[in-house]
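Reader: I would like to go through this model and ask what stands behind each term used for it.
Author: Go ahead; the structure comes up next.

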Amino acid sequence: MRIGELARATGTTARALRHYEDEGLITSRRAPNGYRVYAEDVVVRVRNIRHLLAAGLTLADVRAYLPCLDGDVVATPPSDRGIQIALDRLAALNERIAVQIEARDRLAATLRRVTRKRSAQSPDPRPTVTATR
């Protein structure tokens, strides 16, 4: 199947498929006209890659799952290594979320201070409109 057919069959884009190929997650052969041609079983592999990415893993994380990407990743119990990779990714996500929460809280506190200060300086915060004739 050609790249457009694979993209439609897996709900992804040709660009993502080329990226997966560049990363060594999928392979293709070249037709005489230069088009990429994928085996039918690549559909399962791409769906599994997308499932793992949707779960929050990165392409680097997914690379560790290469031996199982051609099977039923969803139904197969993960290995100890797979669980550790997921735990490490979860810890990294939690850390990033904590950093973002701190930044949000600092920004919110700054805005509260600024708006309180502005309210104290101006008894009527509504802009005044003057009519001219």
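Reader: What radius of gyration does the protein have, set against a compact globule of 133 residues?
Author: The model is a predicted one. Its radius of gyration is 26 Å, whereas a compact globule of 133 residues would have one near 14 Å. The globule value comes from a rule, 2.2 Å times the number of residues to the power 0.38. Along the principal axes, the C-alpha atoms fill a box of roughly 75 × 50 × 25 Å.

Reader: Which elements does the chain run through?
Author: The order along the sequence is α-α-β-β-α-α-α, that is, five helices and two strands.

Reader: Why is Val74 called exposed?
Author: Exposed requires a relative accessible area over 50%. Val74 has 56%, so the residue counts as exposed. Val74 sits in the loop between α4 and α5. Its C-alpha atom is 7.8 Å from that of Asn48, and 26 residues separate the two along the chain.

Reader: How much of the protein is buried?
Author: With buried meaning under 20% relative accessible area, such residues make up 24% of the 133.

Reader: What makes a set of residues a nonpolar core, and which members touch the most others in the largest one?
Author: The members must be buried and of nonpolar type, and they must be joined through side-chain atoms within 4.5 Å. The largest such set has 22 residues, and Leu6, Leu17, Tyr20, Ile26, Tyr38 and Ile49 touch the most other members. Two or more residues each come from α1 (3–10), α2 (14–22), α3 and α4 (59–63). The biggest contribution is that of α3, with five residues.

Reader: Which residues is Tyr20 in contact with, beyond its neighbours within four places in sequence?
Author: Contact needs heavy atoms within 4.5 Å. Outside that stretch, Tyr20 has such contacts with Thr12, Leu25, Ile26, Val46, Ile49, Arg50, Leu53 and Leu59.

Reader: How do you know which residues line the largest pocket?
Author: A lining residue must have an atom within 4 Å of a pocket point. For the largest pocket, 20 residues form the lining, and Tyr65, Val73, Thr76, Pro78 and Ser79 lie nearest its centre. Two elements, α3 (42–54) and α5 (80–121), give two or more residues to this lining. The largest share, five residues, is from α5. The space in the pocket comes to about 340 Å³.

Reader: How do the lining residues of the largest pocket divide by type?
Author: There are 13 nonpolar, five polar and two charged residues in that lining.

How values were computed:
Residues are numbered from 1 along each chain as its sequence is written. This is a predicted model: local features need pLDDT of at least 70, side-chain atom pairs count only at pLDDT 80 or more; totals for chains, interfaces and linings use all residues. Side-chain values use heavy atoms; hydrogens and water are left out. On a 1 Å grid over the protein atoms alone, a cavity is a set of points where a 1.4 Å probe fits but cannot get out, and a pocket is an open set with protein on both sides within 12 Å along at least five of seven lines; lining residues have an atom within 4 Å of a point. Grid points are joined across faces, edges and corners, and a volume is the space filled by probe spheres set on the points. Helices (H or I, at least four residues) and strands (E, at least two) are DSSP runs, numbered from the N terminus. Ala, Val, Leu, Ile, Met, Phe, Trp, Tyr, Cys and Pro count as nonpolar, Asp, Glu, Lys and Arg as charged, and the others, Gly among them, as polar. Buried means under 20% relative accessible area, exposed over 50%, partly exposed in between (1.4 Å probe, protein chains only).
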